[in-house]
Amino acid sequence: MAFLIQVNEGVQSVVLPLGKAVILIGRDVDSNLYLDDSGISKNHASIVFSNEAYTLKDNGSSSGSIVNGVRVTERKLSHDDIIQFGPYTFKVDLKNPIPVTTSTTENDVALERSGHSYTRKVELEEIAGLESIGTLHVVMTDSPKTLPLPLPPTGFLANLSLQSRQDLSLRGIYRYARDGEVLIHEGQNPGRLFLLISGKWEARKLETQTVLGQIQPGEWVGEVNIFDPSGAMCSVIAVEPSEYWEITREAFEKFINESRSTGSSILIALAATLGRRIRQSNEGLEQAIAARPEPPPAQRSRFTPVFAAIAVLAILAAAAFFLIGNVDKSRLQAEKRQLVHERAETLEEARQQVDALQVTMAKTNQELQNAKSENEKLTKRVTAIQQMLDRLNEVKSSIASAAAPSAKEIAPSAAETAHNEILAKAEKLSGHPSQIIITKKTNVSLLVDGQVSGSAVLPEGLELPAVGAEGEFVMVEFGNAHQKIPKDHTNFAEALVAESEAAKNRPALDPSKAPRVRSEPKPLPMPKGEPSKLHSDSGKKSAELSFEKLTSVLEDVKLLPTLEEFRGMKTASASDFGRFVRSLEPRWKRAAKESASLLSLSGDRAEYREILKKIIEASEILDPARGQMFEAKLQEIDAAWLQLKTEEKIQSLTGEQSSE
């Protein structure tokens, strides 16, 4: 017969007979092989027997099914194949023979079945039909375990819940008895309670081989020794192959103390069983006395009191057991009612605590929202205060510069008079000059892709083209945007008056006297043997790591759309998320290869190289199991890229103005 054997290091092996049915593997509790791990899909894989061979089929799992180190979707299994499902490793054993006829050879086989490990001698024919015993549920966490097989709902066990029968089942052990095996020896204390599941037993006096009674499936044996741990009154023998469950007296007492409600029901049922068997013994004694031949009249008067005393003692014992049973039953029922009442009170207290926690959580969320709003207001106020401080610093600088004696201080009236005359002339004029000059340092906002990404300081003496005027502000062209600058920070009035007077004094242009356009001089030929400097600089620039090359790599991987798609896939299923991640692999591998080649180029911008290294790292962790790590790496790249774009924008704007 074929087996699937767990071979994880440091873990006790678990043997799963494959049989000739379909074996379902996954995190669903109804699977034949139940693997409890977050890396295992609910319906992970299956093993199918067809055409005298076993085939492993992956059912679209997120982490995949690995056979001999290779991820497969369907694979015919061979002997000694190594299968991996997430962190669990199994070995395929196909060398066990499946006999056609019953074999008398017996082997010691350790089986892990339904929550109980037991070792017994079984025939190979029995192993071949092992799949008929029902579903084998194996739970594998840090240490292998299995779902408990509940005790059968027979006799008074039918009144217990499934959970109670499972809990009780785990306290004992399932065993197998052969025909003729003695389970309880007369005169010895077994110290155990037995439940017959299948087969048949007999209670006998071994000396006389007298059969005192038969035990059928669903009946208990050993209840007397649970209440009175003394020698057994008779022996119990299996008269046919049987399966049974046993529990020690210590384990039974521990279960009764821990599960009072279920334990009281079991004690009442065992007491009833004990009373029934005492009544049966009394009836058997009466029948034996009635069937006994009548003694001679002389002897009857001698032994009749003895039999009467025995009958009275038996009746008194039965009555005592009955009264004790009723008293114990009443006490246990009272304890059960008390436990039910306590449980209801505990549930009510827990419900009230949950309600209180929910109210507290709602208040905390509200306070958090309020704190967030206050934080936003404080941030705005801090920004406004910072702007005020910047202006105050400018005022302080102007005051400090004005403190030194100058020619303006010696004769301020003449400069003021001239400035006032210019202002008076500018007020009479409309429009705006074509160019203005910054006379005071001015802060302006920088726009990158339509968003404010920082600020810049326009230095004194910077000349900018003017495109309009609005009230106390002049509109200038700065980079790719229009900026408002206070007129008193520029030479607006002086420039407007100067351009107006120049226009008045400019003579009309005579077309006949227009200057001729001279042709451009031809470039001088380069001396032979000397390379062009322009060509040399261009080749050197192409061999350097540049901003444009970095931009090309990031546009290829579609950084921002990928981040948006990742946020949208958080609620998707594991299979959809896996397909999405795998769809990103081609362009990220291509980007990693391009980044590696760019790192070999010259250039002293460390920021470029850091982003290229992050792209390579992101491609290495592109895996559905590490989706959160990949998303975090994307956010790092996005933040570094935004900062780099801002710096490049500032540098380009500053360079343009300085060149002009």
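How many of the 660 residues of the protein count as buried? The share is 30%, where buried means under 20% relative accessible area, exposed means over 50%, and partly exposed covers the values in between (1.4 Å probe, protein chains only).

**Notes to all views.** The model is predicted, so local features need pLDDT of at least 70 and side-chain atom pairs count only at pLDDT 80 or more, while totals for chains, interfaces and linings use all residues. Residues are numbered from 1 along each chain as its sequence is written, and side-chain values use heavy atoms, with hydrogens and water left out.

**Figure 1. Overview of the protein, with 15 helices and 29 strands.** Helices (H or I, at least four residues) and strands (E, at least two) are DSSP runs, numbered from the N terminus. The protein exposes about 41700 Å², of which carbon and sulfur atoms supply 54%; accessible areas come from the Shrake-Rupley method with a 1.4 Å probe, and for residues only the protein chains shown count as cover. Contact means heavy atoms within 4.5 Å. Among contacts between residues at least 6 apart in sequence, 58% join residues at least 24 apart.

**Figure 2. The salt bridge between Arg171 and Glu258.** A salt bridge is a side-chain nitrogen of Lys or Arg within 4 Å of a carboxyl oxygen of Asp or Glu. By this rule the protein has 16 salt bridges. In the pair shown, the closest N and O atoms are 2.8 Å apart. Arg171 belongs to helix H2 (residues 162–171) and Glu258 to helix H4 (residues 249–258), so the pair ties together parts that are 87 residues apart in sequence. Arg171 is partly exposed, at 29% relative accessibility. Glu258 is also partly exposed, with a relative accessible area of 49%.

**Figure 3. Salt bridges within helices H4 and H6.** In helix H4, the side chains of Glu253 and Arg249 form a salt bridge, with 3.0 Å from N to O. These two residues are 4 apart, about one turn of the helix. Glu253 is partly exposed, its relative accessible area being 37%. In helix H6 (residues 297–403), Glu348 and Arg351 are 3 residues apart, again a separation of about one helical turn. Their side chains meet in a salt bridge at 2.7 Å, N to O. Glu348 is partly exposed at a relative accessible area of 37%, and Arg351 is partly exposed at 45%.

**Figure 4. A network of salt bridges.** Four residues are linked in this network: Lys614, Glu617, Lys633 and Glu636.

**Figure 5. The crossing of helix H13 (residues 574–599) and helix H14 (residues 606–620).** The two axes come within 9 Å and cross at roughly 145°. Axes are lines fitted to C-alpha atoms, for helices over the stretch in contact, and angles run from 0 to 180 degrees between N-to-C directions. The crossing is left-handed, a term used if the near helix is turned anticlockwise from the far one by less than a right angle; clockwise would be right-handed. From H13, the residues in contact are Trp588, Ala591, Ala592, Ser595, Ala596, Leu598 and Leu599; from H14 they are Arg609, Leu612, Lys613, Ile615, Ile616, Ala618 and Ser619. By class, this contact has 10 nonpolar, 2 polar and 2 charged residues. Ala, Val, Leu, Ile, Met, Phe, Trp, Tyr, Cys and Pro count as nonpolar, Asp, Glu, Lys and Arg as charged, and the others, Gly among them, as polar.

**Figure 6. Trp588 and Glu594 in helix H13.** Trp588 is buried, with a relative accessible area of 1%. Leaving aside residues up to four places away in sequence, Trp588 touches Val557, Ile615, Ala618, Ser619, Leu622, Phe630, Leu634 and Ile637. The C-alpha atoms of Trp588 and Ala618 are separated by 8.0 Å, with their positions 30 residues apart along the chain. Glu594 is partly exposed, at a relative accessible area of 40%. From Glu594 to Ile616 the C-alpha to C-alpha distance is 9.3 Å, and the two are 22 residues apart in sequence.

**Figure 7. Asn51 and Asn68, two residues with positive phi.** The phi of Asn51 is near 55°, a positive value in a residue other than glycine. Asn51 sits in the loop between strand S5 (45–50) and strand S6 (53–58) and is exposed, with a relative accessible area of 73%. For Asn68, phi is likewise near 55°. Asn68 lies in the loop that joins strand S7 (65–67) and strand S8 (70–72), and at 40% relative accessibility counts as partly exposed.
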